[in-house]
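Thanks for coming. I will go through one structure this morning, strand by strand and then a helix. Please have the sequence and the model open.

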Amino acid sequence: MIRLSAVIITYNEEKNIARCIASLQGVADEIIVADSFSTDQTATIATSMGARVVQHPFAGYAAQKNHATTLASSDWILSLDADEELTETLKQSILSVKKSPSQLVYKIPRITNYCGRWIRYAGWYPDHQTRLYNRTAGSWQELRVHEYWKANEPGTKMGLLQGDIRHYSFASISEHLRKIDRYT
């Protein structure tokens with residue numbers, strides 16, 4: 001059975017981090033939180049739940065995720081954002097991969113919760129994300145707003161897992177508008 005390191009990047013995620021880490025229990029062999037010097041209780045909560053917290057200045061999403069990956073003791077990485085959690089079906093899929101991986105990279109469907117509602121239309125679902133991978137097979141690349149995972153070898157085959165990553169994006173429209181303003 002392979003060992004699996006879960007990596008999470010954070011900045012002021014005290015409202016989300018406990019849910020994220022709790023969903024990794026029984027799946028990840030270690031949980032690493034790369035925190036960008038949060039000013040709230042993110043690091044304290046993560047540490048109290050058994051995660052190893054490492055402070056690292058934010059240099060972009062891809063750079064932060066790649067740094068978090070280097071901190072892992074395993075080549076097999078499950079990368080989550082702090083506002084995400086695994087469903088039970090997804091946990092079982094990941095456990096099956098741990099027993100016998102058939103690929104080096106796996107995509108996972110992601111469903112987004114927007115203002116208390118799960119969005120299953122308008123191209124929002126299934127929002128397939130590359131999140132389970134062997135770190136020797138590729139790395140995170142930076143775009144202006146979002147990062148993406150790129151395989152080292154063109155044509156690398158990717159598996160698709162059953163179950164979802166639940167993404168708790170915005171609790172309110174005003175929260176969404178603040179993020180849009182920050183991005184612009």
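How many of the residues of β4 are buried? Before I answer, note that this is a predicted model. The count for β4 is 6 of the 6 residues, so the strand is largely enclosed by the rest of the structure.

Let me split β4 by side. In a regular strand the side chains alternate between the two faces of the sheet. In β4, W76, L78 and L80 are on one side, and I77, S79 and D81 are on the other. Both of these faces are covered, with every one of those residues buried.

Now the pairing. Strand β1, residues 4-10, pairs with β4 in the parallel sense, over 6 bridges. To fix the register, A6 has L78 in β4 as its bridge partner. Strand β4 itself spans residues 76-81, and β4 also pairs with β9, in the antiparallel sense and over 3 bridges. There, I77 has Y133 in β9 as its bridge partner.

That brings us to β9, residues 129-134. Here too, 6 of the 6 residues are buried, so β9 is largely enclosed by the rest of the structure. Besides β4, the strand β6, residues 105-108, is joined to β9 by 4 bridges, and those two run antiparallel. If you want a position to look at, I108 stands opposite Q129 in β9.

Next, two side chains. The lysine is K65, in helix α3, which covers residues 61-71. Is K65 buried or exposed? Its relative accessible area is 1%, and the cut-off for buried is under 20%, so K65 counts as buried. What does the side chain of K65 meet in a polar contact? It meets the side chain of E147, at 2.8 Å. Setting aside neighbours within four places in sequence, K65 is in contact with I9, S79, D81, R131, W140 and E147. Of these, S79 and D81 are on one side of β4.

The tryptophan on that list, W140, sits in strand β10, residues 138-142. W140 is buried as well, with a relative accessible area of 5%. Its side chain makes a polar contact of 2.9 Å with the side chain of Y133. Not counting residues up to four places away in sequence, W140 touches a list of residues including A62, K65, N66, S79, R131, E147 and W149. For a sense of the fold, W140 and Q64 are 76 residues apart in sequence, yet their C-alpha atoms are 9.1 Å apart in space.

Last, helix α4, residues 88-99. It has 12 residues and reaches 17 Å from its first C-alpha to its last, close to the 16 Å expected at 1.5 Å a residue. Which residues of α4 are buried? They are L90, K91, S93, I94, V97 and K98. These cover an arc of only 160° around the axis, which puts them on the same side of α4. On the other side of α4, E88 and K99 are exposed.

To close, back to where we started: β4 pairs with β1 in the parallel sense and with β9 in the antiparallel sense. I will take questions now.

Conventions:
Residues numbered from 1 in each chain as written. Predicted model: local features only at pLDDT ≥ 70, side-chain atom pairs only at ≥ 80, totals over all residues. Heavy atoms only, no water. Buried < 20%, exposed > 50% of the residue type's maximum accessible area, 1.4 Å probe, protein only. Pairing = 2+ DSSP bridges. Polar contact = N/O pair within 3.5 Å; in protein donor to acceptor, adjacent residues only side chain to side chain. Contact = heavy atoms within 4.5 Å. Expected span 1.5 Å × (residues − 1). Arc of directions from axis to C-beta.
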